[in-house]
Amino acid sequence: MNRTGFICAGRVGCSIGKYLSESGIPLAGYYDSTQKASHDAAAFTASNCFADIKELTAASDILFLTTPDGIIERTWEEVRRLPISGKLVCHCSGAMPSDVFEGIGDTGACCCSLHPMLPFHDRFSSYQQLHHAFFTIEGDDEAVQRLTDMFAGLGNVVCRIQGACKPKYHAAASILSNQVIAVLDTGYRLLEECGFSREAAIDATRELVRQNIENVLAHDCIQALTGPVERGDGATVKKHLDCLDVETRRMYQVLGSRLIQIAEKKHPGQDYATLRALLQTES
């Protein structure tokens, strides 16, 4: 059976390695520029710790480059000089396609990029989320098929996308994940300005946040939409705008304008022109 190796023992490499190991997929082990990181990852996954990339590559049939995006290309330049014919090389960047593996056709190896749509918070616990993870994949047909079979066999959904779509795909994932955090933080900050502690603000809005997310997942954004924008309540929206600082006001206007587009789909006959003018941002 193919043995899988990881270059870089960070959160993604540790998580995928542990997930594969626990699922019965044999690992070669880890190489990391920080020896302690590779040692800890190897111990965590019951695999081996390698002193250099050459040794890890020789011991691996599938090689994951789980480095930060900015050094994938540089790492590949080192890997491509090694005997890798017949091996599968993969990176896990959400934004970069597999064509970063320039010249791979001359090496006899195949390549792809595989991205789990998950936030990896911790090297030693995030792997538990991978049992329910959705993966996107793109690259050479052979590599795509091999990794699709591997992860689909573990119960994951694996969707093939085009490499040219990777930046937009990753922008979508970032909006749905990271930028939602910015929106929540803004709401909590406003409540703090009203006298709430941060802890109390989070507790007070727990059900509000949870129910909105659950309604979106169950019914889509259009049916889940509520609030003053959906109602066309310009007087309330103006009160909101009048009490906000310049940066938060602009954020409210941008998001509110998008909400109008959703509201128009929910209520096709309603006139939102006045509200749209109110939410228009200064150029």
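This is a short conversation about reading the sheet, the helix packing and a few single residues in a predicted model.

Reader: Before we start, what are the ground rules for this model?

Author: It's a predicted model, so local features need pLDDT of at least 70 and side-chain atom pairs count only at pLDDT 80 or more, while totals for chains, interfaces and linings use all residues. Residues are numbered from 1 along each chain as its sequence is written, and side-chain values use heavy atoms, with hydrogens and water left out.

Reader: What is the strand order of the sheet?

Author: First, the vocabulary: strands (E, at least two residues) and helices (H or I, at least four) are DSSP runs, numbered from the N terminus. Two strands pair if DSSP finds at least two bridges between them. Here you have an open sheet of eight strands in the order 3-2-1-4-5-6-7-8, with mixed pairing. Strand 3 and strand 8 (157–160) are the edge strands, each pairing on one side only.

Reader: Which residue in strand 2 is the bridge partner of Gly5?

Author: That's Gly29. Strand 1 (residues 4–7) and strand 2 (residues 27–31) run parallel and are joined by four bridges.

Reader: Which helices pack on the sheet?

Author: Contact here means heavy atoms within 4.5 Å. Axes are lines fitted to C-alpha atoms, for helices over the stretch in contact, and angles run from 0 to 180 degrees between N-to-C directions. Helix 2 is one of them: it touches strand 2 and strand 3, and its direction makes about 160° with that of strand 2. Helix 5 packs there too, touching strand 1, strand 4, strand 5, strand 6, strand 7 (134–139) and strand 8, with its direction about 40° from that of strand 6.

Reader: How do I read strand 5: are its residues buried or exposed?

Author: In a regular strand the side chains alternate between the two faces of the sheet. Buried means under 20% relative accessible area, exposed over 50%, and partly exposed in between (1.4 Å probe, protein chains only). In strand 5 (residues 88–91), Leu88 and Cys90 on one side and Val89 and His91 on the other are all buried, and both faces are covered.

Reader: What does strand 5 pair with?

Author: Strand 4 (residues 62–65) pairs with strand 5 in the parallel sense over four bridges, and Leu65 has His91 as its bridge partner. Strand 6 (residues 110–116) also pairs with strand 5 in the parallel sense over four bridges; there, Leu88 is matched with Cys110.

Reader: What unit do strand 4, helix 4 and strand 5 make?

Author: A crossover is right-handed if, with the strands pointing away from the viewer, the path from the first strand over the helix to the second runs clockwise. Strand 4, helix 4 (residues 72–79) and strand 5 make a right-handed β-α-β unit.

Reader: On to the helix pairs. At what angle do helix 10 and helix 11 cross?

Author: Two packed helices are described by the angle between their axes and the distance between the axes. The axes of helix 10 (residues 234–242) and helix 11 (residues 246–266) cross at roughly 150° and come within 9 Å. That makes the two helices roughly antiparallel; the cut-offs are under 35 degrees for roughly parallel, over 145 for roughly antiparallel, 65 to 115 for roughly perpendicular, and oblique for the rest. Val237, His240, Leu241 and Asp242 of helix 10 meet Arg249, Tyr252 and Gln253 of helix 11.

Reader: And at what angle do helix 8 and helix 11 pack?

Author: About 95°, with their axes 10 Å apart, so helix 8 is roughly perpendicular to helix 11. Cys221, Ile222 and Gln223 of helix 8 make the contact with Ile262, Lys265 and Lys266 of helix 11.

Reader: Which residues does Ala263 touch?

Author: Leaving out residues up to four places away in sequence, Ala263 touches Leu225, Val229, Glu230 and Tyr272. Ala263 lies in helix 11 and is buried, with a relative accessible area of 0%. Ala263 and Glu230 are 33 residues apart in sequence, yet 5.1 Å apart in space, C-alpha to C-alpha.

Reader: Last one: what is the phi of Ala46?

Author: Most residues other than glycine have a negative phi, and most peptide bonds are trans. Ala46 has a positive phi, near 55°. Ala46 is found in the loop between helix 2 (35–45) and strand 3 (48–49), and is exposed at 74% relative accessible area. Asp220 has a positive phi too, near 80°; Asp220 is in helix 8 (residues 206–224) and is partly exposed at 48%.
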